[in-house]
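Thanks for coming. I will go through the side-chain contacts in one model, group by group. Please look at the structure while I talk.

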Amino acid sequence: MTVPEDSGWIMFNIQSSGFYRVNYDEKNWKLLLIQLITKPDRIHVLNRAQIIDDAFHLSRAALVPYNYYTSLLEYLLMEDHVMPWNTAVTGLSSIMDAIRRYPTEYSMFKEYAKGLADILYDKLSGNQIHNNMTKIGWSKLFSWTCNMGNSRCAKSASTHFDGWLNGHEIPSEMEEAALCVGMKKANIAALSKVHKLYKTTRSPSQQKIIVRALACAENLQTLLSHLDLMRLDVANRGSLQSFKTVCENVVATPAGVKALIGFLSRKLDTIQSSPIGDDLHKYIAVVYSALAPKVATDDEIIVMDKIRRSVKPADLKTKLDDIYQKIESNLLWMERDHKKIMKAIIKM
């Protein structure tokens, strides 16, 4: 599409009404960035989130340089709405998951992300983040900020957790961060109370928060075993869905990835030889699918490759082969782009 030379910025997919990516020429990307840095409210919040998401995926697809994406992240200093921040956190987390196979670059990128987390915590603690519908978005942002190493966030979360142990409620937006900090303490009283909360809560969203918090524990494999969250003695739709929820949330941390790989490796032969093996094969696929976008190191990938090659049922093997393509995709992505990503963040 051709537009007049002297026109201002243009935008497509207004308020993200369609399910597609939008790319622009260099001039329009720069004009959008200037607008976001100077007066972001001129662009609808849905489109602000969309611009970040599009820039991330277009960078990954090698259709725009990574500095388009990282430059857009600079505008977040001006952003006071949950949605664009959550979109940014999702993209940053995807890069961190994949770049973990390169320890030096991982450390550098995590430090870069921590800088954004520090900005975010200032906004969250100052009640600058607006979210009129729900505080779920707040919870995710607080948790991410603490996990990135913001000391003030960690101190606040620890205070809330200690208060909870003594009978006080945790503010809903701080619940995940506080429980995560509590699991790092890993004392018996904390574990017992979190276990009780998991068993008694009627809120599916709170169960997910608890499982993600459990992934913060130092000895996660022992913890999961103790809490009996990985049962495979009943094969039905309800237990499979609960199991899927646990797996998808446990892999939120590298320790969780390691624990779940270990769990699958230990259980594989038992599942395949079970009298109800056909049903339990679904559990293998669930674990494998949860792990695929998160594994990154050579050791992890070798185990995942070994697992898919060792399964016996043809239909299960086909399914795992399909899922393994996600691992290969991330592997190729980082081999091609990890230096480009570093170059983009160093320029900032």
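One aromatic cluster is made up of Phe 12, Tyr 24, Trp 29 and Tyr 68. Keep in mind that the model is a predicted one.

In total, there are eight aromatic pairs. One of them is inside the cluster. The ring centres of Tyr 24 and Trp 29 are 5.4 Å apart and their planes stand at 80°, so this pair is edge-to-face. The cut-off for that label is an angle over 60 degrees. Tyr 24 and Trp 29 are both buried.

Another pair is Phe 109 with Tyr 112. Here the centres are 5.5 Å apart and the planes are at 50°, so the pair counts as tilted. Why are Phe 109 and Tyr 112 separated by about one helical turn? Because they are three residues apart in helix α5, which covers residues 103–125. Phe 109 is buried, because its relative accessible area is 2% and the limit for buried is under 20%. Tyr 112, at 14%, counts as buried too.

Now the nonpolar residues. As a general point, nonpolar side chains tend to be buried together in soluble globular proteins. In this model, the largest nonpolar core has 77 residues. Which of its members touch the most other members? They are Trp 29, Leu 73, Phe 109, Trp 144 and Leu 179. Trp 29 belongs to the aromatic cluster as well, and Phe 109 is the residue paired with Tyr 112.

Take Leu 73 from that list. Leaving out residues up to four places away in sequence, Leu 73 touches Ile 52, Ala 88, Leu 92, Tyr 112 and Leu 116. There is also a second, separate core, with 31 residues, including Leu 240, Leu 291, Ala 292 and Val 295.

Next, the charged side chains. The model has 18 salt bridges. I will show three.

The first on my list is Asp 97 with Lys 294, whose closest N and O atoms are 2.8 Å apart. Where do these two sit in the chain? Asp 97 is in helix α4, residues 82–99, and Lys 294 is in the loop between α14 and α15, so to speak of sequence, they are 197 residues apart and the pair links distant parts of the chain. Asp 97 counts as buried, with a relative accessibility of 18%.

Arg 101 and Asp 298 form another salt bridge, and the closest N and O atoms are 2.8 Å apart. Arg 101 lies in the loop between α4 and α5, while Asp 298 is in helix α15, so this pair ties together parts 197 residues apart in sequence. Is Asp 298 buried or partly exposed? Asp 298 counts as partly exposed, because its relative accessibility is 47%.

The third on my list is Glu 248 with Lys 244, with the closest N and O atoms 2.6 Å apart. Both lie in helix α12, residues 237–250, and being four residues apart they are separated by about one helical turn. Glu 248 is partly exposed at 42%, and Lys 244 is partly exposed at 32%. Salt bridges that share partners also join Asp 305, Arg 308, Arg 309 and Asp 321 into one network.

Last, charges over rings. Arg 101, already mentioned for its salt bridge with Asp 298, lies over the face of Tyr 102, 5.6 Å from the ring centre. Arg 60 lies over the face of Trp 333, and there the distance to the ring centre is 3.9 Å.

Methods. Residues numbered from 1 in each chain as written. Predicted model: local features only at pLDDT ≥ 70, side-chain atom pairs only at ≥ 80, totals over all residues. Heavy atoms only, no water. Core = buried A, V, L, I, M, F, W, Y, C linked by side-chain atoms within 4.5 Å. Buried < 20%, exposed > 50% of the residue type's maximum accessible area, 1.4 Å probe, protein only. Contact = heavy atoms within 4.5 Å. Phe/Tyr/Trp six-rings, centres within 6.5 Å; stacked < 30°, edge-to-face > 60°. Lys NZ or Arg CZ within 6 Å of the ring centre and 35° of its normal. Salt bridge = Lys/Arg side-chain N within 4 Å of Asp/Glu carboxyl O.
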